[in-house]
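Please look at the sequence and the structure shown here before reading on. The report that accompanies them is meant to be read with the model in view.

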Amino acid sequence: MKAKFDEISSNREIIVEKCIFSDEVDFSDCTFRKKIVIKDCVFKKGIIFNRTYFVNGFSFINNDVCGCINFENCAFGGKIKIFHSKGEIYEINFTASVIKGLLELNSLRSGIFLSEDSSIKLNNIFVEPNGYLIIRNINEKHKFTGIINFTDANLLGNVVLKNIYLKRFLLTNAVMVGGFFTEHLYFKEESDSQTYVRLKDEALKNNNSIKAMQYREKEMLSYSKELNAQISYDNIGTWLTDKSVLFLNTISNKNGLSWLRGIIFTISCAIIFFWVINFLGIENNYPRFFVLDLKTFHFEGIGEIWKRFLNMFYLIDFKEKFQGTELNAIGETVFFASKIFISYGIYQTIVAFRKFSK
């Protein structure tokens, strides 16, 4: 049978200590104008505080909970401390709650452990401009379980996330006006592109360009996968354009992170176009740049070939470097395409070289 303490309106400090509750405990629709303290208790089937107003603080310390801790549609004033919660916690739910003061979800002695599919729900939460939300020490290092979900959250105040190791993390459609600070936030599964956009933007606000670039790479990869689910007959042109740009950014410099990939991309393009022009792009009455002896796999005149190959990197007077060689229609077309791709590769290499100066 549920233990019901709902619709309490209290003007006095309340302390609940060293109690064992075998059934679910319900503090819904209450108003606590003075501080309420719940510590060293056991809740075998969870605890509910839905639609409760904590006017002047709340402490939930060192409690053993099996089930859910539910704060849906609550209002938090003063200092809210949820420390050292342990047990099999399936869900900590702050959906549609309002934080007016400081709310800290923390475990100073050991991490709060979330099971594989358990979650901390912060959907549609409202952190007021003077509000402060701190979440720290969720799971141990490299134990990537559980979800933190800020979908549709309104974060006008400050949010701090530290030492958090999750299965998944979401910031979809979140409005982030105040400060958003993360340190050692890791999640195993890919999130959506909106989450990475918001994490990237906040990293840039905090002058953490390296972290921002890492989030940008994940943003592009995530957006590429999202595009696959959005393809239709009506948007096939836009889909092809976006997919092509994303693909080229990935292979040319790993979305701005790898200058080595930029060099490899540029040289590879030059080699491909050089071969195509040599075998398909020169008029029949003109000699080729090189001849491949298929019997011995021997190139004739390696030094001359190398010099002619380097001419591929001249972006302006390309043709004049191949004195007397006439290109046919295919050669002219490939020549034009080669300048685009080689120029693009050089640019992408420079961009990746400058990644730490952004």
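This report describes sheets, a helix with its surroundings, and several single residues in turn. The model is a predicted one.

**The two open sheets**

As general background, the strands of a sheet pair through backbone hydrogen bonds, and they do so either in parallel or in antiparallel fashion. One open sheet in this model consists of 8 strands in the order S1-S5-S9-S13-S16-S19-S22-S25, and its pairing is parallel. At its edges stand strand S1 (3-4) and strand S25 (168-170), each of which pairs on one side only. Within this sheet, strand S5 (residues 25-26) is joined to strand S9 (residues 47-48) by 2 bridges in the parallel sense. There, Val25 is found opposite Ile47 of S9.

Another open sheet has 3 strands, ordered S4-S8-S12, again with parallel pairing. Its edge strands are strand S4 (20-21) and strand S12 (64-65), and each pairs on one side only. Strand S8 (residues 42-43) runs parallel to S12 and is connected to S12 by 2 bridges. Phe43 has Val65 in S12 as its bridge partner.

The table lists one residue pair from each of these two strand pairings.

| Strands | Bridges | Residue pair |
|---|---|---|
| S5 and S9 | 2 bridges, parallel | Val25 and Ile47 |
| S8 and S12 | 2 bridges, parallel | Phe43 and Val65 |

**Helix H4 and its surroundings**

Helix H4 covers residues 259-280. Its 22 residues reach 31 Å from the first C-alpha to the last, which is close to the 32 Å expected at 1.5 Å a residue. Among the buried residues of H4 are Gly262, Phe265, Cys269, Phe273 and Ile277.

Which residues form the nonpolar patch on the surface? The patch is made of Trp259, Leu260, Ile264 and Phe353, and together they have about 420 Å² of accessible area. Helix H4 gives the most to this patch, with 3 residues. Phe353, in turn, belongs to helix H7 (residues 329-353).

Helix H7 also holds Thr349. Is Thr349 buried or exposed? Thr349 has a relative accessible area of 8%, and because buried means under 20%, Thr349 counts as buried. A polar atom of the Thr349 side chain lies 3.2 Å from the backbone oxygen of Gly262, a residue that is itself among the buried ones of H4. The side chain of Thr349 also reaches the backbone oxygen of Gly345, at 2.8 Å.

**Single residues of note**

Ser107 is located in the loop between strand S18 (102-106) and strand S19 (114-121). Its relative accessibility is 3%, so Ser107 counts as buried. Ser107 and Asn139 are 32 residues apart along the chain, while their C-alpha atoms are separated by 9.9 Å.

Two asparagines deserve attention for their backbone angles. In general, most residues other than glycine have a negative phi. Asn137, although not a glycine, has a positive phi of about 60°, and Asn137 lies in strand S21 (residues 132-138). Asn173 likewise has a positive phi, near 60°. The location of Asn173 is the loop between S25 and strand S26 (175-176). With a relative accessibility of 40%, Asn173 counts as partly exposed, because this class lies between the limits of 20% and 50%.

Note on methods. Residues numbered from 1 in each chain as written. Predicted model: local features only at pLDDT ≥ 70, side-chain atom pairs only at ≥ 80, totals over all residues. Heavy atoms only, no water. Pairing = 2+ DSSP bridges. Helix = DSSP H or I, 4+ residues; strand = E, 2+ residues; numbered from the N terminus. Patch = residues over 30% accessible without salt bridge, like charges linked within 9 Å, V, L, I, M, F, W, Y side chains within 5 Å. Areas by Shrake-Rupley, 256 points an atom, 1.4 Å probe, with all protein chains shown as cover. Salt bridge = Lys/Arg side-chain N within 4 Å of Asp/Glu carboxyl O. Buried < 20%, exposed > 50% of the residue type's maximum accessible area, 1.4 Å probe, protein only. Expected span 1.5 Å × (residues − 1). Polar contact = N/O pair within 3.5 Å; in protein donor to acceptor, adjacent residues only side chain to side chain.
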